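Student: Please take a close look at one part of this model, the pocket with the greatest volume, and place a single residue before you start on it.

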Amino acid sequence: MYGDSVESQITLNLPTKLISSQVAIYTTLLIPVTRYALMLTPVANAIEGGLSIDYKNSRKVQLLVRFVLLVSTTMIAYVFPYFENLMAIVGSIFVALGSFVLPCLCYLKISSSYERWNFELVGNVVIILFATLAGILGSYSSIAELVHNY
């Protein structure tokens, strides 16, 4: 669209000698690192929560748990090069279920609004159907990409 001399990643198009470009490049590189840490923190906290009182508040144990998580996810990414596709399959299923289907079903059960037809019930049913369709399409797309890449 912009010509043959333009790279697909925007950071590759920035002039490297300017300080503002270097700040933009390093900021762009820092985002995945911080996102990875934010993603693993709840997992590490859950693992540490299952430990006994003697080890739960130990700084060395916390560092060890986080280091083992880092190494294990790196090894999984190295051993399974299409691990991202597997995570996309799991993500599309569980995001649709956890974000849309289960809250709507729980609301309908708690409010007992499923006993009579009204706009509330129709709205929840539409959300459930849309989320189910989105989960199925997302899973199908991820599986098709996995099969295509494999």
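Tutor: Ala 144 is found in helix H5, residues 119-149 (helices are DSSP runs of H or I with at least four residues, strands E runs of at least two, numbered from the N terminus). Ala 144 counts as partly exposed because its relative accessibility is 35% (buried is under 20%, exposed over 50%, partly exposed in between, with a 1.4 Å probe and protein chains only). Between Ala 144 and Tyr 78, 66 residues apart along the chain, the C-alpha separation is 21 Å.

The model is predicted, so local features need pLDDT of at least 70 and side-chain atom pairs 80 or more, while totals for chains, interfaces and linings use all residues. Residues are numbered from 1 along each chain as its sequence is written, and side-chain values use heavy atoms, without hydrogens and water.

The chain is divided into domain 1 (1-79) and domain 2 (81-149), with bounds from an automatic or database domain assignment. Taken over C-alpha atoms, the centres of these domains are 28 Å apart.

Now the pocket. The largest pocket has a volume of about 350 Å³. Its lining consists of Tyr 36, Met 39, Leu 40, Val 43, Thr 73, Ile 76, Ala 77, Phe 80, Pro 81, Phe 83, Glu 84 and Met 87. Helices H1 (19-49), H3 (59-79) and H4 (83-111) are the elements that each give two or more residues to this lining. H1 gives the most, with four residues. Domain 1 and domain 2 each supply at least three residues to the lining of the largest pocket.

On the terms: a pocket is an open set of points on a 1 Å grid over the protein atoms alone, with protein on both sides within 12 Å along at least five of seven lines, where a 1.4 Å probe fits; lining residues have an atom within 4 Å of a point. Points are joined across faces, edges and corners, and the volume is the space filled by probe spheres set on them.
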